[in-house]
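Please open the model in your viewer and keep the selection panel at hand. The tour proceeds one selection at a time.

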Amino acid sequence: MDEAFPRSHPDIYDQIGRGYAGNRVPDPRIAARIWQALGDARRICNIGAGAGSYEPADREVIAVEPSAVMLAQRPQGSASAIQGAAEALPLADRSVDAAISLRVLMHATDWRRCLAELCRVARWRVIVDFPARASFAALESGGRRAAAALGRRTEPYRVMAEADVRAAFAANGYRVVDVRRQFVLPIAFHKILSSAPATSRIERGLAAIGLLRLLGSPVTMVAER
Ligand SMILES: C[S@@+](CC[C@H](N)C(=O)[O-])C[C@H]1O[C@@H](n2cnc3c(N)ncnc32)[C@H](O)[C@@H]1O
């Protein structure tokens, strides 16, 4: 069982979330995968929506986000948003075709409860992502959690085992239909490298020798019922 985070993460995003929208650069390949995974779902909820990254503009979207600081960064004209937490979604059972929740389970106080809520409100599919336990992210996660425990202003997060997330989906009546891993080397390394062609070349090489499958992170998982 995971230990709960010591304090609620929406509070943390009210402290550290300023300027988030400017730093979060959506990756077109991930956007394409999410679009594909949404299939012909028309009504979607985006949980822990933040400033709205990866929200499709061509469908009905309901955004749910606990932090007022993050809500304030949603661009004009973006989907209507409700202030709320993933652990207790203010949405009816099977009220959307698909639920997406990106970079949220890693921060939520109770990720299993959040996943159960995503599964409850979706009629068909749920799409989540998380940093893999078997990845370089585990080192960064340990460092950040130690820094947070010492009172440093940081964004602590947990790493998660693919098997645990699969089991949680199964417990809620869903089966996993797609799993993709993004990078072998830490995202921080690629940010320092600051060259998309070099990142692609290096990561393609690492994938070719099987390291992406073993150590890739973050993991994007699609499940359906
Ligand atoms: C790294 S940001 C990701 C935002 C957005 N999903 C994206 O992909 O850009 C994490 C978000 O999760 C939200 N969050 C943290 N705990 C949450 C919870 N229990 N329920 C819903 N959202 C939560 C934070 O407020 C923050 O907006």
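Begin with helix H1, residues 9-16: this helix supplies three residues to the shell around the ligand, the largest share. The model is a predicted one.

**The ligand shell.** Next, display the 22 residues around the ligand; those that come nearest are Tyr13, Gly48, Gly50, Ser53 and Ala86. Colouring the shell by residue class gives 11 nonpolar, seven polar and four charged residues.

**The sheet.** Now select the strands. Seven of them form an open sheet with mixed pairing, and their order is S3-S2-S1-S4-S5-S7-S6. At the edges stand strand S3 (81-83) and strand S6 (175-183); each has a single partner strand, so one side of each lacks a neighbour in the sheet. From one strand to the next, the twist averages 15 degrees.

**Strand S4 and its partners.** Select residues 96-101, which make up strand S4. Is this strand mostly covered or mostly uncovered? Strand S4 is mostly covered, five of its six residues being buried. On one pairing, S4 joins strand S1 (residues 43-47) in the parallel sense over three bridges. To locate this pairing, select Asn46, which stands opposite Ile100 in S4. S4 also pairs with strand S5 (residues 122-130), again in the parallel sense, over five bridges. Here Ala99 is the residue to pick, with Val126 of S5 standing opposite.

**From S5 to S7.** Continue to strand S7, residues 217-224, which runs antiparallel to S5 and is joined to S5 by six bridges. Val128 and Met221 of S7 stand opposite one another.

**Helix H5.** Add helix H5 to the view: the helix packs on the sheet, where it touches S1, S4 and S5. Its direction makes about 150 degrees with that of S5. Selecting S4, H5 (residues 111-121) and S5 together shows a right-handed β-α-β unit.

**Glu203.** The last stop is Glu203, located in helix H9, residues 196-208. Why is Glu203 classed as partly exposed? Within 10 Å there are 18 other C-beta atoms, and the partly exposed class lies between the limits of 12 or fewer for exposed and 20 or more for buried. Which residues is Glu203 in contact with, leaving aside its neighbours within four places in sequence? They are Phe183 and Val184. Finally, draw a distance from the C-alpha atom of Glu203 to that of Arg59: the two residues are 144 residues apart along the chain, and these atoms are separated by 33 Å.

Conventions:
Residues are numbered from 1 along each chain as its sequence is written. This is a predicted model: local features need pLDDT of at least 70, side-chain atom pairs count only at pLDDT 80 or more; totals for chains, interfaces and linings use all residues. Helices (H or I, at least four residues) and strands (E, at least two) are DSSP runs, numbered from the N terminus. Two strands pair if DSSP finds at least two bridges between them. A crossover is right-handed if, with the strands pointing away from the viewer, the path from the first strand over the helix to the second runs clockwise. A residue is near a molecule or strand if its C-beta atom, placed from the backbone, lies within 6 Å of it. Ala, Val, Leu, Ile, Met, Phe, Trp, Tyr, Cys and Pro count as nonpolar, Asp, Glu, Lys and Arg as charged, and the others, Gly among them, as polar. Axes are lines fitted to C-alpha atoms, for helices over the stretch in contact, and angles run from 0 to 180 degrees between N-to-C directions. Two residues are in contact if their C-beta atoms, placed from the backbone, lie within 7 Å.
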